[in-house]
Amino acid sequence: MKKTMGIVALSTAALLTLSACGGGASGGGSEGDAESAELTYAIWDKAQAPVVEELVADFTAENPGITVNVEVTPYNQYFTKLQTQASSGTAPDIFWMNGPNFQLYASNGQLTPLDELPNAADIDPANYPQALNDLYTFEGSRYGVPKDFDTVGFWYNKAIFDQAGMDYPTEDWTGEEFTTTAKAISDTLGDEGIFGTAWDTDGQASWYNTVPQAGGWVISEDSTTSGYDDPKTIEGLDFIAQTMANGSSPTIEQLTDTAGSQWFASGKAAMMYSPSYMVPAFMDSEFKDQIDVAPLPEGEQAANVTHGLANVVSADSENKAAASRFLAFLGSEEAAQAWAESGAVIPAFNGSQDAWTESNPQWNLQVFLDAAEYSVSYPISKNTAEWNALETEILSGLWAGNKTAEEAGAELAAAMNESLSKE
Amino acid sequence: MALSQINRTSSRGRTAFPSGPGGGLRRGRSKNDGVAPWLFILPTFLGIGIFFLWPMAQSVYFSFTEWGAFGGNTWTGLENYRRLVSDADVLGALMNTVVYAGVSLLSIPVAIYLAGLINRPGLRFKGLFRTLYFLPVITMPAAVSIVWRIMYNGDFGIINYLLSTVGIQGPYWLATPGVAIIAVALVGIWTSLGMNMIILGAGLQGIPTEIYEAAELDGASPWRQFRAITVPLLTPSIFFVTVMTVIGSFKVFDLLFVMLGAGNPVTQASQTLVYLFYDKAFIANDKGYAAAIGLLLLVLIALVTFLQFRLQKKWVTYA
């Protein structure tokens, strides 16, 4: 009986300790052993997982004492999970970070500044585009090692253009040429279920491009004011809404059931705006050899949105020394080369981008590299997620045709300004 | 690990139960059992206490606090509840929850009918039918949702294709506000039908055959038998199924999460209370407010269930 009591008491103690762990505060973390550690690396893109596994194998071959577990979480749940992990001090040692979420994590002390890492000297900012270094700098400290960047290009399906008897898009197309051609293709081939264009309904693939093209803006440079009520911004929103209203593009209901890139990749849409990270999706398309990419049609000005990911180290990591080794490796030219050859993303490491354009010689991928020269930065603030939700909600009314662009713009600007004022 | 250890120890400590040739518990022994009985209930008690009661108490406390993005909270008194009563999203989610529960209740007559069919004497392949209807119950909701999402696709889904062969143009099931919640509820019915059929079937088998024989002698038609005998005597089972269906549909989340999800523009207009709770707690990281929503849900379920138990006196027949 005594023995039983002892075990029960022990177990109780163990349970209590366990539950106490759950509520742990953040901000701890330690260097750990640089030679021997078990690291967790969190990413969200399954398409890139094979390259990551390959890189991990290369890294662990050089560092036999370190193991790296790769955790892939779909993007829609990635930041939900990460924030929950970070709240309980159990965030992965090293993970992907994006612009919209960076400031939230940096301002709350969830990330390790690069200069606090033992390998800081191995990570030279001069190797990466300045815009990306700036994106991952908060209050003077750098937190992220740029991994890749993306710009937006204009894809078209030559087979559909031939079928409709129209000329292919040219490098100097205007927005008007795009809309009239899209309408004409829908009118001609609509009976076969083919549309002139289709949209992926997230900002980066759609209105974050058409808005600056029309001369509008989403958020002020100091991230305090919404630009959605600017007449130029409204024009940029209307550009997309019109294509959905007049049948040039599938309706918002159709695009919800089947994403724009799926319509395009399966040969049911002739043209589409699409960020460079969608290249792998089109590599699998059966129309792979009939599609190509051109610069976005010009509106009032040439513009497209650019964004890039970075690798960051958690502030709570118990293995910062090993993690920073891995971080430096991921930021190396060798790693960039592997990303480039996979064709998945444009690597951030300066000079390694050419390997990316050569990964798919059948397409004019140089368009995406050139696009960097006339790109605008991805709109972010400290709590981007909050007004991103407002965008989805309010703009869906515009896409559905229940509101005019003016009404949606004004409503969204008011709601977004209120959200920004709380930051 | 710790819990299984306790369990193993408990089952070994068999001496606490007198299991001699006489068998059974002798009343006189109870006073001498001492601490042992308490030890036996301790594992369960600890489990419920640590993983259920304690988090529940914490949730009540959290509903009076405001949370930072990465934990840490401050007391804000009734602020969350003040927000709750004036939040249009909460009202919308409540309406959607009621619609979902309403549609789910329609599954009960269907389940009664099917249970009646399957329990008909002389039916062949009874086991096969029962298995087929029960299969959705034991299939993962996430897998079910993904398959149904494909079938519901407005342009390329099989449902709209079948409708088009008879000249009906089906809606965009999961992309039209107002339709989406009903489409999800229909899947909910499909997944719960098997379980309800088993419960109601057991109820049917409990009705003595002599009653039917007597009714037949009196010349009652099958329909009359169904109305005057089957339904009244089945009411205890129907009552149980109703209570469970309402509670289950108030708690629906997984189907909605997978079939609609964060990227869908109609999710906002179709969300139920639990989805709203998830959205506030884990996407907006407004955990204090989410706790208040959770409490609202608890009170609602308790209230509705209490009402059902009150009203059962009016329609449930215990033979």
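T40(A) touches N69(A), E71(A), P92(A), D93(A) and I94(A), leaving aside residues up to four places away in sequence. That threonine is found in strand β1 of chain A, which covers residues 37-43. Keep in mind that this is a predicted model. The rest of this briefing goes through how T40(A) is placed, how the two domains of chain B meet, and a pair of backbone angles in chain B.

**T40(A) in chain A**

- Is T40(A) buried or exposed? T40(A) counts as buried because its relative accessibility is 19%, and the cut-off for that label is under 20%.
- Among the contact partners of this strand β1 residue are P92(A), D93(A) and I94(A), with N69(A) and E71(A) making up the rest of the list.

**Where the domains of chain B meet**

- The domain assignment splits chain B into domain 1, residues 2-62, and domain 2, residues 82-315.
- On the contact count, four residues of domain 1 of chain B meet four residues of domain 2 of chain B.
- How much area is buried between domain 1 and domain 2 of chain B? It comes to about 270 Å², and carbon and sulfur atoms give 82% of that.
- Three residues do a lot of the work here: S59(B), V60(B) and F62(B) supply 80% of the area that domain 1 buries against domain 2, more than any other three residues.
- By class, the side of domain 1 of chain B that touches domain 2 has three nonpolar residues, one polar residue and no charged ones.
- If you're hunting for salt bridges between domain 1 and domain 2 of chain B, the count is zero.
- Polar contacts across that interface come out at zero residue pairs too, with both residues required to be at pLDDT 80 or more.

**Positive phi in chain B**

- As background, most residues other than glycine have a negative phi.
- F125(B) isn't a glycine, yet its phi is positive, at about 55 degrees.
- You'll find F125(B) in the loop between α5 (107-118) and α6 (126-134) of chain B.
- F125(B) is exposed, because its relative accessible area is 56% and the label applies over 50%.
- N285(B) is another non-glycine residue with a positive phi, near 55 degrees.
- Where does N285(B) sit? Its place is in the loop between α14 (273-283) and α15 (287-315) of chain B.
- N285(B) counts as buried, since its relative accessibility is 6%, whereas F125(B) is exposed.

Definitions and conventions. Residues are numbered from 1 along each chain as its sequence is written. Chains are lettered from A and ligands numbered from 1 in the order in which they are written. This is a predicted model: local features need pLDDT of at least 70, side-chain atom pairs count only at pLDDT 80 or more; totals for chains, interfaces and linings use all residues. Side-chain values use heavy atoms; hydrogens and water are left out. Domain bounds come from an automatic or database domain assignment. Contact means heavy atoms within 4.5 Å. Buried area is the accessible area (1.4 Å probe) that two parts lose on being put together, summed over both. A salt bridge is a side-chain nitrogen of Lys or Arg within 4 Å of a carboxyl oxygen of Asp or Glu. A polar contact is a pair of N or O atoms within 3.5 Å; within protein, one must be able to donate a hydrogen and the other to accept it, and residues adjacent in sequence count only if both atoms are side-chain atoms. Ala, Val, Leu, Ile, Met, Phe, Trp, Tyr, Cys and Pro count as nonpolar, Asp, Glu, Lys and Arg as charged, and the others, Gly among them, as polar. Helices (H or I, at least four residues) and strands (E, at least two) are DSSP runs, numbered from the N terminus. Buried means under 20% relative accessible area, exposed over 50%, partly exposed in between (1.4 Å probe, protein chains only).
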